[in-house]
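Colleague: I would like to learn how to read a core, a strand pairing and a buried polar residue. Can we work through one case?

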Amino acid sequence: MKIIFCAALAAAIALPSGGAYAQGKTAPKDAKLYFISPRDGQKVRGAFWVRFGLRNMGVTHAGDDYQNAGHHHLLVDVNDPIDPKEPIPQDKSHLHFGAGQTETQLELAPGTHTLQLVLGDAKHYPFEPPIVSEKITIRVRQPVAGK
């Protein structure tokens, strides 16, 4: 009995922890993430609504580990690709919607900006294969004076 216990303990110690590898949660091949609004090339003024679309998967809260479901992340002016082996960062350029939101009101400085959506699993890791939208470009105009 001691031999079995020692063998099991040795195997458990030898195995790397789950945090050493990407989650690699599989996603349906026909899943699609997209913007409902704004449209690519659209000009906006002031605060504007960003609406997220997802087909053939479900939206849930961060931390909820349901099959074929995740939550949205909005990348603003991000040029570097997302590392599939790491959780999606959370900062002013990587916005998390862990409460299952499918839209947000965004206010950006005047100028040209890029937006892209990434679907994350319960622990904020990208799916395998990654579920990402096309990157869109918008132009934010100066707000109208006095409004």
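Modeller: We take the core, then the strands, then a histidine. Keep in mind that this is a predicted model.

Colleague: Which residues touch the most other members of the largest nonpolar core?

Modeller: Start from the members with many contacts. Here the core has 23 residues, and Phe48, Leu74, Leu115 and Ile131 touch the most other members. Elements giving two or more residues to this core are β1, β3, β5, β8 and β9. The largest share, four residues, comes from β3.

Colleague: What is phenylalanine 48 in contact with, beyond its neighbours within four places in sequence?

Modeller: Pro38, Thr104, Gln105, Leu106, Leu108, Leu115, Ile138 and Val140.

Colleague: How many bridges join β1 and β3?

Modeller: Read the sense and the bridges together. β1 and β3 pair in the antiparallel sense over five bridges. Leucine 33 has leucine 54 in β3 as its bridge partner. β3 also pairs with β7 (residues 103–106), again antiparallel, over four bridges. There, tryptophan 49 stands opposite glutamine 105 in β7.

Colleague: What should I expect of side chains along such a strand?

Modeller: In a regular strand they alternate between the two faces of the sheet.

Colleague: Now the histidine. Is histidine 94 buried or exposed?

Modeller: Compare its relative accessible area with the cut-off: under 20% counts as buried. Histidine 94 has 11%, so this residue is buried. Histidine 94 lies in strand β6 (residues 94–97).

Colleague: Which side chain makes a polar contact with the histidine 94 side chain?

Modeller: That of aspartate 91, at 2.8 Å. Leaving out residues up to four places away in sequence, histidine 94 touches Leu74, Leu75, Val78, Ile82, Ile88 and Pro89.

How values were computed
Residues numbered from 1 in each chain as written. Predicted model: local features only at pLDDT ≥ 70, side-chain atom pairs only at ≥ 80, totals over all residues. Heavy atoms only, no water. Core = buried A, V, L, I, M, F, W, Y, C linked by side-chain atoms within 4.5 Å. Buried < 20%, exposed > 50% of the residue type's maximum accessible area, 1.4 Å probe, protein only. Contact = heavy atoms within 4.5 Å. Pairing = 2+ DSSP bridges. Polar contact = N/O pair within 3.5 Å; in protein donor to acceptor, adjacent residues only side chain to side chain.
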